[in-house]
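Please read the following briefing alongside the sequence and the three-dimensional structure. It is written for a first-year student and is arranged by topic.

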Amino acid sequence: LVASTAGYVAYKWWDNYSRLQNIPVPDGASKIWGHEWLEFEDDCGSQWRQWITRFGPNFKIKGAWGHHDILCVTDPKAIDRILCKNAYNYPHSAVFRPIIERLTGRGIVWVEGEHAHKPMRALLAPAFTLDRIRAMGPDMWLAVNNVVSRLQSQIESHGGVRDVNMLDWTATSTLDVIGRVAFAHDFQQGQSPEARSIMEGWRKQANLGMVWEGFLALLALRQFPWIGQLPLPSIKAQSNIKNTIKPLANKLIQRGVSDIDNGRDLLSILLRANLGEKQEKRISDDELLDHIVTFVIAGHETTSVVLNFTLYMLAQHPEVQRKLREEVMSTDRESTFDELWSSENFPYLDAVTREGFRLFPPSARNEKVAEKDDILPLATPIVGTDGRLIHEIPIKAGQVIHIPVVAVNRFSSVWGDGDSFRPERWIEKSGTPDGKFLPGAWSGMLTFLVGARSCLGYRLAVFEMKILIMAFIRAFEFEVIEPIESRMSATIQPRVISRPEDGACLPLRLRPVVA
Ligand code: HEM
């Protein structure tokens, strides 16, 4: 026993020693938690930005519980290698795969490897073309208007001003939109039992992810993956959303072909495409349902996160809010995709939307693991611990890599005043990298990632966000009640600084807009 323990410790030491030699490492690592606790505690990338300022765009951090060092990468050429040029060598970390399977089933976010992922993406991509998204406009407006009207009536019945936890309303509106556009389902402004169950399930997961216990649970799963197979209530709860959505979508499939002939929703589009395929190339109903669950999960929480923080920013910056309202009140029409997609008709709405997506990427950090040895080229050489310049970083198989999306999106060297909410930068164009910094990434930012596994629904998300902001700003004035911080969880969450025990929360004061 002693000999094998000593052998294991020696192997772990050598494995870690032989990785990432000469790469700078910040001080202040805990013997037990490495730097991972500091990373977890971070408020929207400030810790990463401090490390970047001190050690340059690429450095390593110590892993918790003796895990090997983790490489943090923000160099654009290295990111291009990981996400674009050699993307299939960098799958999601093994910890997340079972969680993704429990959440969504074996859909496109779960699938790994070029041979499995590429054909699946080719199958789903035609559901997200410009024409498809264009046709979803009326359904999106219907869902958003219903939620806004319900909120208006509540506020009127309370005498015209009300303090509201906006989290409830943003989650409701994005769930209602995705219900309609993913599988023609009406979640009844968050009132149906299924909607309540989905939203409560998410809130619980988000709250757990923000606290010490959630951090510990992830470390335990990484160290002892078999824990994920135990019948623990918190692990079983991860399947609740999938188990709620699948029967609802299945009903639509069972209604038969005639009903889906003209459907504009993603399920009808996929069903029609599937029926057009030769028998041997068709996918099963079960796989189709996994895709729909994936769309609902990928599209619901993410969009509500960006909307939460954008509304908070607007509440914090009344002058921006007033200017935006002036612009969106210039018409009371339900603007179409073509009117909203380009920046020409509503330049300020476009600028506010981009600024929200830039500052608050729901997935603040992307984690990848190298499958095979590789070499990461660097756009800018870094100074190694021995003082010499490093032009490329050799990567060993199994290396865990963090891409701190939120820090990349806020780089002051790229964006100027990167931490400030300043929509004007998109109008002046002076403070935007115009796609030169990360070629191919939407608006030069990493919010939707870039490359082989970038977001398939980004057009839908941007269109939806503009409709949501337009509808809420036309209807209400937003005021800050208490200062909010942003916390890392599966997606970033707002929390009242003075009341962390409340969990995810966004109290705002709302007044109806008088036309
Ligand atoms: C604010 C809104 C959204 C953001 C910020 C966002 C962001 C992302 C990111 C970062 C990924 C990559 C995940 C990873 O591989 O680690 C992703 C993938 C994906 N997203 Fe989105 N997303 C949003 C909305 C949507 C919507 C509305 C849909 C569709 C209904 C959607 C569908 C997908 C799909 C299908 C993938 C998997 C792509 C693949 O692996 O090939 N997303 N999204």
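The points below describe a sheet, several helices, a ligand shell, two loop residues and a hairpin.

The structure is a predicted model. One of its features is an open sheet of 4 strands with mixed pairing. Another is a shell of 23 residues around the ligand.

**The four-stranded sheet**

- The strands of this open sheet follow the order β1-β2-β7-β4.
- Its edge strands are β1, residues 58-61, and β4, residues 366-369, each of which pairs on one side only.
- On average, neighbouring strands of the sheet are turned by 25° against each other, if direction is ignored.
- Strand β2 covers residues 70-73 and pairs with β1 in the antiparallel sense, over 4 bridges.
- Within this pairing, Phe59 has Cys72 of β2 as its bridge partner.
- As a general point, the strands of a sheet pair through backbone hydrogen bonds, in either a parallel or an antiparallel manner.

**Helix α4 across the sheet**

- Helix α4, residues 76-85, lies across β1, β2, β4 and β7, and it runs at about 115° to β2.
- This helix is mostly covered, as 7 of its 10 residues are buried.
- The buried residues of α4 are Pro76, Ala78, Ile79, Asp80, Arg81, Ile82 and Leu83.
- The elements that cover them include β1, β2, β4 and β7, together with β5 (374-383) and β6 (389-395).

**The two sides of helix α15**

- In helix α15, which spans residues 266-276, Leu266, Leu267, Leu270 and Leu271 are buried.
- These four residues lie on the same side of α15, because they cover an arc of only 130° around the axis.
- Leu275 and Gly276, on the other side of α15, are exposed.

**The shell around the ligand**

- Which residues come nearest, of the 23 around the ligand? They are Gly299, Thr302, Cys455, Gly457 and Ala461.
- Helices α16 (285-316) and α23 (458-475) are the elements that give two or more residues to this shell.
- The largest share of the shell comes from α16, with 7 residues.
- By residue type, the shell divides into 13 nonpolar, 8 polar and 2 charged residues.

**Two residues with positive phi**

- Ser443 has a phi near 55°, which is a positive value in a residue other than glycine.
- Ser443 is placed in the loop between α22 (424-428) and α23.
- Is Ser443 buried or exposed? Ser443 counts as buried because 20 other C-beta atoms lie within 10 Å, and the cut-off for a buried residue is 20 or more.
- Leu449 also has a phi near 55°, again a positive value in a residue other than glycine.
- Leu449 is found in the loop between α22 and α23.
- Leu449 is likewise buried, because it has 23 other C-beta atoms within 10 Å.

**The β9-β10 hairpin**

- Strands β9 and β10 form a hairpin, with 5 residues between them.
- Strand β9 consists of residues 484-487 and strand β10 of residues 493-496, and the two pair in the antiparallel sense over 4 bridges.
- In this pairing, the bridge partner of Ile484 is Val496 in β10.

Definitions and conventions
Residues numbered from 1 in each chain as written. Predicted model: local features only at pLDDT ≥ 70, side-chain atom pairs only at ≥ 80, totals over all residues. Pairing = 2+ DSSP bridges. Axes fitted to C-alpha atoms, helices over the stretch in contact; angles between N-to-C directions. Contact = placed C-beta atoms within 7 Å. Buried ≥ 20, exposed ≤ 12 C-beta atoms within 10 Å, placed from the backbone. Arc of directions from axis to C-beta. Near = placed C-beta within 6 Å. Nonpolar A, V, L, I, M, F, W, Y, C, P; charged D, E, K, R; others polar.
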